[in-house]
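Student: I have a structure open and would like to understand the words used to describe it. Could we go through them together?

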Amino acid sequence: MLDSTRFPRFGDKTNSSSFEEYLPRLLEERDRSGLTEMIGGIEALMITVEPGNSLEYVSELSLMTPYHYLVTLDSPKHFTHVLRIDMNSPDILLREVKDSTYSDIFRNLNDIYPIGERRHHSRYLGEILLATQRHEVVALQQSREFSFFQIGQLAELDLPINVSISRPSPYTQNIVGYMERNAEGIRVYQHGECIILASIQAAYERGKEMQESLSIKDLILPIDHLATRVYSQNREAALLEYLALSSYYYWGSYDIKDQNSSTNVTKNVRFEPESASPAKVFTANNSPYCVNHLDRLPSPTETFVRNYGPRLHHMALAVKDGQRNGMEHIDFVVAAIAAQGKGFLLDTIGSREAGLKQIFSAASEFSTLIIEYVQRFDNFQGFFTRENVALLTFAAGLADAPQQQTRAG
Ligand SMILES: [Fe+2]
């Protein structure tokens, strides 16, 4: 039996005694119930974009990531492009809403936030996890008070019918889906008609040809981690909730005092490399905005959440360790992509001596998601360095600042 409590703890952030009491109880019960065994890694990420925006986003992802365009699922309300690297890494299901007047629960989540509402449909929905016995997993989760969309609601929401999907989390607003697949089988989404769209294929090929001509194609590796921002008061609940819904364990939390924020990491219990099932990171302010007028601390994380709602902030892609043309691979990749007009926030942060180097791209105009690149040197064992995270959080806060001013003005 898998033991989710056997992992060493990292980090320096102190949790509440209640969290420390519930954490081992939750993991032990999950292991005992068989859920840890029945729930596998991340099979797919679901992202929705505005009508007309998937074409350029496919091109952007084709250039900036190792993803390939596989097929489009044409269903009544969406075109869902399936992007894939291979069966060893999660797919991306990129959903384009067909009708701009379309409204559903996901749009409603965007519409209650001042910047979120500017793009009604653009948001990261959540992950689909592998489940060896989907209906048993769902029944167990329901008995533990987790809620799922009914089959009729899934049809109304125009989501794949072979995936069981939770209602959005009150803490992260992300959903978790469960899907079955044979150990050696390929992923199949039962959703609409399977077509190849020539326009999407062309956009994909444009991105990949550019990647090839820039000599960066072999340097960008699969997703390393997914970082969600939540309200400060929801940090511990968001962690416990994700651990209850997945087969992840709690790796630890770092206090990023400079930015009045913490980074909280969960990882897959199966010791798979992150490329097979990315780490899930939750970032939260240390103090809520409503007391910030007293101390006036930097609060980029809480500001982001107030502007966009709790949601995924970035997808981090690993960069192969090594150098090309006398530059670290990450610098080579960033210089090549930046020369194509893509923006980055500040410069790459970190060094070979520190163990890793990282950078944030500007937020995508199509998905609002940031892409992080991370190069780990010489099999660096740590997940991140506090100094890097502080600078990245600061950089992302700067990028949000003009929007705040616009809002205030
Ligand atoms: Fe990150």
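Tutor: Gladly! Keep in mind that this is a predicted model. Let's start with E20, which has a relative accessible area of 30%.

Student: Why is E20 called partly exposed?

Tutor: Buried means under 20% and exposed means over 50%. The 30% of E20 lies in between, so E20 is partly exposed.

Student: What makes R9 partly exposed?

Tutor: The reasoning is alike: R9 has a relative accessible area of 40%, so R9 also falls in between.

Student: How do you know that E20 and R9 meet in a salt bridge?

Tutor: Their side chains come to 2.9 Å, N to O. The cut-off is 4 Å between a Lys or Arg side-chain nitrogen and an Asp or Glu carboxyl oxygen, so the pair qualifies. E20 sits in helix 1 (residues 17-33), while R9 is in the segment before strand 1, 11 residues apart.

Student: Why can such side chains pair at all?

Tutor: Side chains of opposite charge can do so when their charged atoms come close.

Student: What makes K280 and E127 a salt bridge?

Tutor: Their closest N and O atoms are 2.9 Å apart. That is within 4 Å, so the name fits. This pair links distant parts of the chain: K280 in strand 13 (residues 279-285) and E127 in strand 6 (residues 123-131), 153 residues apart.

Student: Are these two buried or exposed?

Tutor: K280 has a relative accessible area of 1%, and E127 has 0%. Buried means under 20%, so both K280 and E127 count as buried.

Student: How do you know that E212 and K217 form a salt bridge?

Tutor: Their side chains meet at 3.2 Å, N to O, which is within the 4 Å cut-off, so the pair counts. K217 has 38% relative accessibility, between 20% and 50%, so K217 is partly exposed.

Student: What joins E43, R84, D91, R181 and R187 into one network?

Tutor: Salt bridges that share partners do that. The structure holds 23 salt bridges.

Student: What makes H225, H314 and E372 donors of the iron ion?

Tutor: The ion is coordinated by NE2 of H225, NE2 of H314 and OE of E372, at 2.0 to 2.2 Å. Donors are N, O and S atoms within 2.8 Å of the metal, so these atoms qualify. Along the chain, the donors follow the spacing H-x88-H-x57-E. H314 in strand 14 (residues 311-319) and E372 in strand 19 (residues 370-376) are 58 residues apart, and both are buried.

Terms used:
Residues numbered from 1 in each chain as written. Predicted model: local features only at pLDDT ≥ 70, side-chain atom pairs only at ≥ 80, totals over all residues. Heavy atoms only, no water. Donors = N, O, S within 2.8 Å, 3.2 Å for Na, K, Ca; no water. Helix = DSSP H or I, 4+ residues; strand = E, 2+ residues; numbered from the N terminus. Buried < 20%, exposed > 50% of the residue type's maximum accessible area, 1.4 Å probe, protein only.
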